[in-house]
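Reader: I have the sequence and the coordinates open and would like to go through them step by step. Could you take my questions in turn?

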2 protein chains.
Amino acid sequence: MENFRFSMPTRIIFGKNTEREVGTETRRIGSRVLLHYGSERIRSSGLFAEVTGLLEAAGVGYEALGGVKPNPRLSLVEEGIRICRERKLDGILAVGGGSVIDSAKAIGVGVPYRGDAWDFFSGKAVPEETLPVGVVLTIPAAGSEASKSAVVTNEEGSFKLSLNVDLIKPKFAIMNPELTYSLPPFQTAAGAADIMSHVIERYFTNVDHVDLTDRLCEATLKTVIHNVPIALAEPRDYDARAEIMWAGAIAHNDLLSTGRVGDWATHQIEHEVSALYDVTHGAGLAALFPAWMQLTCAHDLKRYVQFAARVWGVEEDYREPEITAREGIARLKAYWKSIGLPASLPELGVPSDRIEEMAERAVSNGRKVGNFVPIHKREALEILRLAS
Amino acid sequence: MENFRFSMPTRIIFGKNTEREVGTETRRIGSRVLLHYGSERIRSSGLFAEVTGLLEAAGVGYEALGGVKPNPRLSLVEEGIRICRERKLDGILAVGGGSVIDSAKAIGVGVPYRGDAWDFFSGKAVPEETLPVGVVLTIPAAGSEASKSAVVTNEEGSFKLSLNVDLIKPKFAIMNPELTYSLPPFQTAAGAADIMSHVIERYFTNVDHVDLTDRLCEATLKTVIHNVPIALAEPRDYDARAEIMWAGAIAHNDLLSTGRVGDWATHQIEHEVSALYDVTHGAGLAALFPAWMQLTCAHDLKRYVQFAARVWGVEEDYREPEITAREGIARLKAYWKSIGLPASLPELGVPSDRIEEMAERAVSNGRKVGNFVPIHKREALEILRLAS
């Protein structure tokens, strides 16, 4: 086990009707906030009106800024920063899913910074201050509600890059599973793939003796695997929605990273796919992960056998562990297909003619990506080909 | 699943040599602190000298107060409060196990309070302020390093009561598994029983549909079950000690309570045993839990079957689930015996002549204890008899 530091300061307020606490919670982080959101669904569902009413009742002023798109754009981040400065806002309330929260986090660190907020994503600077961010979560997927991560796309050059610092963990996250009843099946499934991918990236590690976190990872995966088909069959099943939503936060708040080193090559490659083709992140991961697994299976067969046996209940072939390992990967692929996700990039509308470019960009400047198995351009290309 | 609130603000600093950070971490919480500890083992091991040297190097002043005993006493808490007030200390550093940390937490809330610190334990008052508490953990057991709990014994009348409020969560916890190498086998085993009991109290719930936390509980139990025999056979096995230590914090930081209602009857009963006979808490729990399980098994056979199958790998008897359920309890009892713990109260030196009194006190004022199954005096008596 590796040394680690860990805390989870985000106040989680989870359950039915918890959005009613948004006024009092927001007042704890600011007196005038940027109310950041994405699609018109927030308005048409009545959530926007409910939230603004509660903010007003709590004496919290706000400026609304909607329009966050999946794979959130730097241009809107810059607009948010401008509004916060001009109106002297002192906090941000993100109402939505991972894209809205990531956009809010980027605005948060951008406001007190004299330079360009993109500096934090390109690695040119490390943020030291932020406006506090609060969350009302409507899509369980990215885990951004309790994570130290934000991913933003810079339209100039289609760069999609991430920032990872404890500073940007939200102050609070209101999580009402009922708000996810209206999620369409594809978004429910893609969110599940995103959640599962966050666990899988952490699961495949070269760090020895990580029993507890292995088992916590398996627990989280099995919970999602079991509950997603229930939620797809009955979108208003509170308990299934609740299990998925809580698993989404646990999957990415770094509890499952404690003492281990995750891989993250597949996320890097998917970011390049998303940057060029604007695909749904979770669906892109579902298309890529089985390919990555095929490529890396031989690197640590025992770990793949454990994944197959413990997560998928594959009966072990003790004489031929490869068979068990391959069966685990096949089960994952079949599961994602069964919940309506693409099994390949073409199914996502990603043609194969720019594979070379995506592989090149994923390992930009000739650097490798991935910790479990180092991925250079050649391997990135192979993963993209296997997924095509 | 029930609604819940959760956060884990304690900064965990985990791994080899992490006690070297005690100076810089303590400086963040205070400029002059009470250095609170228990046995002379802290001094003889050299840890005391190392910690004081690091505090001095970081410019942190300190007053030392040792002598905390297992089942920490109110009289020492009062002495600590007096010292903090007289010397105008602004923080507390607890170096030791759960008793030292609990004592530090009680001192912390006592210092700014005008009344008697016992008020917080007797339920007469709720603390609103505390001195910040930091921890260097040397015994994985109570989970107090990241929990909202403190248990203190009032010698006048042998009352052992607990305080549970978020306010008293430590600011930081330094956890170096190497510091646990010197723990004697009995303390290692009793600590494990304490950790396992914290999970078991949460596991047996009447709340329906708690998949994720069920599985997180099972993950934590299985990790402890697997690693304790390794640590007993080879006390200097870093990884086994590390798994147990991290599991101890996870078991009691309330992550495993999210969305569920725990039982806690057995803890109440054990507190009465400890209050009268001053037994090691974990050992007392090991003697009592199988008895509690015998009594409550029929209440929710399915949950006991799940416990047997998932935690102990018992092959299910689908025709006769009682057989599977009973086997799970038998395995737990056999496991605790195998690591050197008492299977009954007499083995702990607790005679049966005051059973009536203990049962009476556990359900003081005619109230029931326990949420999974309500335990009145009659049932408490039966548990104590079964354990005798």
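Reader: Which residue stands opposite Ile12(A) in strand 1 of chain B?

Author: This is a predicted model, and in it strand 1 of chain A pairs with strand 1 (residues 4-14) of chain B in the antiparallel sense. Seven bridges hold that pairing. In strand 1 of chain B, the residue opposite Ile12(A) is Phe6(B).

Reader: And what stands opposite Ile12(A) in strand 8 of chain A?

Author: Strand 1 of chain A is also joined to strand 8 (residues 172-175) of chain A, by four bridges, and these two run parallel. In strand 8 of chain A, Ile12(A) faces Ala173(A).

Reader: Which strands stand at the edges of the sheet?

Author: The sheet is open, has twelve strands with mixed pairing, and follows the order 3(A)-2(A)-4(A)-5(A)-8(A)-1(A)-1(B)-8(B)-5(B)-4(B)-2(B)-3(B). From one strand to the next the twist averages 25°. An edge strand has a single partner strand, so one side of it is left without a neighbour in the sheet; the strands in that position are strand 3 (61-65) of chain A and strand 3 (61-65) of chain B.

Reader: At what angle does helix 1 of chain A run to strand 5 of chain A?

Author: Helix 1 (residues 22-29) of chain A lies across strand 1, strand 2 (32-37), strand 4 (91-96), strand 5 (133-137) and strand 8 of chain A. Its angle to strand 5 of chain A is about 160°.

Reader: Are helix 8 of chain A and helix 8 of chain B roughly parallel or roughly antiparallel to each other?

Author: Their axes are 8 Å apart, and the two helices pack at an angle of about 155°. The crossing is right-handed. The contact includes Leu212(A), Arg215(A) and Leu216(A) of helix 8 of chain A and Leu212(B), Arg215(B) and Leu216(B) of helix 8 of chain B. Angles over 145 degrees count as roughly antiparallel, so helix 8 of chain A and helix 8 of chain B are roughly antiparallel.

Reader: How many charged residues are there on the side of chain A that touches chain B?

Author: In total, 36 residues of chain A are in contact with 36 residues of chain B. Strand 1 (4-14), helix 8 (211-233) and helix 9 (238-250) of chain A each supply at least two residues of that side of chain A. By class, the side has 14 nonpolar and twelve polar residues, and the number of charged ones is ten.

Reader: Within chain A, how are helix 4 and helix 5 set to each other?

Author: The axes of helix 4 (residues 74-86) and helix 5 (residues 98-110) of chain A come within 9 Å and cross at roughly 50°. The contact involves, among them, Gly80(A) and Ile81(A) of helix 4 of chain A and Ala106(A) and Ile107(A) of helix 5 of chain A. Six of the contact residues are nonpolar, three polar and none charged. An angle of this kind is neither roughly parallel, roughly antiparallel nor roughly perpendicular, and therefore helix 4 and helix 5 of chain A are oblique.

Reader: Which residue takes a positive phi in the hairpin of strand 6 and strand 7 of chain B?

Author: Strand 6 (residues 149-154) and strand 7 (residues 159-164) of chain B pair in the antiparallel sense over six bridges, and Ala150(B) has Leu163(B) as its bridge partner. Four residues lie between the strands of this hairpin. The residue with a positive phi, near 95°, is Gly157(B).

Terms used: Residues numbered from 1 in each chain as written. Chains lettered and ligands numbered in written order. Predicted model: local features only at pLDDT ≥ 70, side-chain atom pairs only at ≥ 80, totals over all residues. Axes fitted to C-alpha atoms, helices over the stretch in contact; angles between N-to-C directions. Parallel < 35°, antiparallel > 145°, perpendicular 65-115°, else oblique. Contact = placed C-beta atoms within 7 Å. Nonpolar A, V, L, I, M, F, W, Y, C, P; charged D, E, K, R; others polar. Pairing = 2+ DSSP bridges. Left-handed = near helix turned anticlockwise from the far one by under 90°.
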